[in-house]
Amino acid sequence: MENVTVEQALQLISERVSKVDRKEMLNLSDALGYVLAETIYSPISNPPFDRSPIDGYALRAVDSIGASKETPVCLKVVEEIDAGQHSDRFIEPGEAVRIMTGAPIPKGCDCCIRQECTDYGEEIVQIYQELQPHENYCDQGEDIQQGNLLVQEGTKLSFVEMGILASVGITEVEVYEKPRIALVTTGDEVIEPGEPLRPGKIYNSNLTMMKARFTELGHPLTIIESETDDAYALAKRLERLSTQVDVIITTGGVSVGKKDILHEALPIIGAERIFWRVLLKPGTPTIFSVYNGTPILSLSGNPFGALTNTELLVRPMLAILAQDEQLMPKRLSGEMEDDFIKESKGRRFVRACYENGRVFLSSKGLHSSGVLSSMAGCNCVIDIKPGTKQLLKGDKVTVVLL
């Protein structure tokens, strides 16, 4: 297919991409950002004992009846229990225990009083407040009961879930492996930063930019390679990579020029071309193909074109592979704070900054697909509908957050 809409492209991709279902066991401390491959129930209750939520004294509520500042009740302090300690003593009528936050409440006590409501007595303590049973008292299992569902399979582990699992002593979890992703940048004209800049050459910004973006998204690239404008060499590289990774991303070589070698390389290995050319600007000459069951998404070599379709097409594909809906691009409505007076005959995505419902164009005002510098400070692209004559301050627009 040729000249598909963004939505058609996403549908065609979703029909040919499957989730990665390989599993692995990881130490909990290493599992941040992974998707859980098991449903976990609590092996213990948390807290594992009745505990004090305050610094003060543990006692029997009945012993505090009638206590006030004017008529204090005096109790014998028989022990002190700090957090991390434990006592087997049974507290008798007329007795109290000096206790600290988090410490186990001894048997016989059914409440705790704040030390501010006492005279801080060491051997005999004066109680200035009448308490009710279970006041200032945390029950065993108040947070989590043994056998409770903790985290459902398919949950992406954040610091919260990791904290919950750690709180019941879990040290290992079964997770889905992250997708293995290969990036291949192409072009005779590109050289690596650090090399002398020879006439006719440009530095390879796509490699560094894409590597950083995938790392930001929580899915570092598995393989990163570069290839010259040699169709046969690229074909053999794609053939090899198809057995090593779950998806291949390429940049460059997708337009209609003499050196746009993807059109030659893909047929050499017998890859099935699903679509070419997406109705958007920048990044129109995008190719999606499948070889040996491995999806290959070939993006424009122009930096902003590559970046735009990474956000619009690669992220949704990665969301399927990784079973992670959080990777899906987020759309918001906003109001233009600047004028964009260029006509958009086709669908166009323009770099901008979204802030509290307001949308500002890039301060540099450069929108060419080959320009990367004007992306600095931007956090979104404006989705401009085909046939839009211009956008004026106050117009409502839809943005895709980066």
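Two strands are taken to pair if DSSP finds at least two bridges between them. Helices (H or I, at least four residues) and strands (E, at least two) are DSSP runs, numbered from the N terminus. The model is predicted: local features need pLDDT of at least 70, side-chain atom pairs count only at pLDDT 80 or more, and totals for chains, interfaces and linings use all residues. Residues are numbered from 1 along each chain as its sequence is written, and side-chain values use heavy atoms, with hydrogens and water left out.

**Exercise 1. Strand 16**

Task: Establish which strands pair with strand 16 (247–251), and determine whether its residues are buried or exposed.

Solution.
Step 1. Strand 12 (181–186) runs parallel to strand 16, and five bridges join the two. One such bridge sets Leu183 against Ile249 in strand 16.
Step 2. Strand 19 (294–299) also pairs with strand 16 in the parallel sense, over four bridges. Here Thr250 has Ser298 of strand 19 as its bridge partner.
Step 3. Buried means under 20% relative accessible area, exposed over 50%, and partly exposed in between (1.4 Å probe, protein chains only). In a regular strand the side chains alternate between the two faces of the sheet. For strand 16, Val247, Ile249 and Thr251 are buried on one side, and Ile248 and Thr250 are buried on the other.
Step 4. Because five of its five residues are buried, strand 16 is largely enclosed by the rest of the structure.

**Exercise 2. The buried faces of two helices**

Task: For helix 5 (residues 262–269) and helix 2 (residues 159–167), identify the buried residues and state what packs against them.

Solution.
Step 1. The buried residues of helix 5 are Leu262, Ala265, Leu266 and Ile269. Seen down the helix axis, they fall within an arc of 95° (the arc of the directions from the helix axis to the C-beta atoms), so they line one face of helix 5.
Step 2. Contact means heavy atoms within 4.5 Å. The buried residues of helix 5 pack against helix 4 (231–241), strand 16, strand 18 (287–291) and strand 19. Gly270, with a positive phi near 80°, follows the helix.
Step 3. In helix 2, Glu161, Met162 and Leu165 are buried. Their arc around the axis is only 100°, which puts them on the same side of helix 2.
Step 4. The cover over these residues includes strand 4 (40–41), strand 10 (149–151) and strand 11. Helix 2 is followed by Gly169, whose phi is positive, near 85°.

**Exercise 3. An open sheet and a cavity**

Task: Describe the sheet that contains strand 11, then characterise the largest cavity.

Solution.
Step 1. Three strands form an open sheet in the order 2-11-3, with antiparallel pairing. Strand 2 (23–27) and strand 3 (35–36) stand at the edges, each with a single partner strand, so one side of each is left without a neighbour in the sheet.
Step 2. Two bridges link strand 3 to strand 11 (residues 172–176) in the antiparallel sense, and Val35 stands opposite Tyr176.
Step 3. On a 1 Å grid over the protein atoms alone, a cavity is a set of points where a 1.4 Å probe fits but cannot get out; a pocket is an open set with protein on both sides within 12 Å along at least five of seven lines; lining residues have an atom within 4 Å of a point. Grid points are joined across faces, edges and corners, and a volume is the space filled by probe spheres set on the points.
Step 4. The count is one cavity of 30 Å³ or more, and the largest has a volume of about 60 Å³. Val35 and Tyr176 are among its lining residues, which also include Val20, Lys178 and His219.

**Exercise 4. The largest pocket**

Task: Give the volume of the largest pocket and the composition of its lining.

Solution.
Step 1. The largest pocket holds about 620 Å³ of space.
Step 2. Its lining comprises 39 residues, of which Pro285, Ser300, Gly301, Asn302 and Ser369 lie nearest its centre. Among the elements that give two or more residues to this lining are strand 12 and helix 3 (205–216).
Step 3. By class, the lining has ten nonpolar, 20 polar and nine charged residues. Ala, Val, Leu, Ile, Met, Phe, Trp, Tyr, Cys and Pro count as nonpolar, Asp, Glu, Lys and Arg as charged, and the others, Gly among them, as polar.
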